[in-house]
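Okay, thanks everyone for squeezing in. I've got one structure to show you, so let me put it up on the screen.

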Amino acid sequence: MTNNINPQKEFERLLPDAISNACFSVKLPKNIIEEYSEMSDKWAEDKKTFGHHYAKDQNNIHGRSSNGHNAQAALEHQLGVKFTEWMIGSKKLFNDPDLRPIGLEIGVKAFKAPSNAPIIFKYSKYPEIIMCRDANDKYLYHCLGLFAPTYLNYHEFVCDSLVIDPNLLERGTKTGFYRIDKGVPFKTLNDLKKLVEKKWETKK
């Protein structure tokens with residue numbers, strides 16, 4: 001992070017244009033909302049039994065679970081494929097790419113506009129699709145694109161101070177990413193497949 005940039009203010013400055021230039025926006029249909037709400041609540045409850053940090057974080061895990069799973073549902077709706085796994089246990093305690101079930105080493109990260117920057121794993125090994133929940137409609141998601149690991153790991157694009165949850169910050173595995181203008185656009189599953197075949201180039 002450069003010394004003369006305030007990460008939170010830079011994130012808030014970039015957000016309006018990032019949403020305006022979103023690859024696509026998806027309003028979740030009622031049937032998907034009902035299905036994912038029930039499954040997400042169960043997933044969050046079950047996950048509390050796996051590790052003390054999940055139990056300690058129980059006040060926030062429901063919110064993150066709902067937002068993350070709704071973002072994945074929106075992406076599934078756009079791409080016309082299912083990839084969400086509701087598995088709880090040792091396999092899902094690892095940092096596995098969300099789209100691996102459909103053969104793509106790509107993750108999905110969601111955040112809530114207008115003030116919460118995306119929270120990502122430190123030392124990302126694979127690209128992430130970043131989905132933004134609309135500030136006025138919690139079932140409307142804007143896709144900001146596919147973000148290369150070179151951006152996600154670039155020290156001037158991330159900052160731990162963007163992690164609002166003190167329990168998450170204490171664990172030291174996550175950081176905040178504020179350069180939400182760096183996404184590569186896509187609209188279809190074929191677009192994604194072509195992108196992951198390309199060599200990523202970082203232009204700062």
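I'll talk through one strand and its partners, and then one helix.

Before anything else, keep in mind that this is a predicted model. So let's begin with strand β5, which runs over residues 140-147. Is that strand mostly covered or mostly open? It's mostly covered: 7 of its 8 residues are buried.

Now, who pairs with β5? On the one hand there's β1, residues 24-27, which pairs with β5 in the antiparallel sense over 4 bridges. If you want a spot to click on, go to S25, whose bridge partner in β5 is H142. Then there's β4, residues 128-133, also antiparallel to β5, with 5 bridges. Here you can look at I129, which stands opposite L146 in β5. The connection from β4 to β5 is a hairpin, going through 6 residues.

Okay, on to helix α1, residues 7-20. It has 14 residues and spans 20 Å from its first C-alpha to its last, close to the 20 Å expected at 1.5 Å a residue. Where's the kink in this helix? It sits at L14, shortly before the proline P16, and comes to about 35°. At the start of α1, have a look at N6: one of its side-chain oxygens gets to within 3.1 Å of the backbone nitrogen of Q8.

Which residues of α1 are buried? Those are P7, E10, F11, L14, L15 and A18, so L14, where the kink lies, is one of the buried residues too. General helix rule here: residues three or four places apart point the same way, because there are 3.6 residues a turn.

And what covers those buried residues? The cover includes β2, β4, β5 and β6, which brings us back to β5, the mostly covered strand.

Methods. Residues numbered from 1 in each chain as written. Predicted model: local features only at pLDDT ≥ 70, side-chain atom pairs only at ≥ 80, totals over all residues. Heavy atoms only, no water. Buried < 20%, exposed > 50% of the residue type's maximum accessible area, 1.4 Å probe, protein only. Helix = DSSP H or I, 4+ residues; strand = E, 2+ residues; numbered from the N terminus. Pairing = 2+ DSSP bridges. Expected span 1.5 Å × (residues − 1). Bend = angle between axes of the 7 residues up to and from the residue. Contact = heavy atoms within 4.5 Å. Polar contact = N/O pair within 3.5 Å; in protein donor to acceptor, adjacent residues only side chain to side chain.
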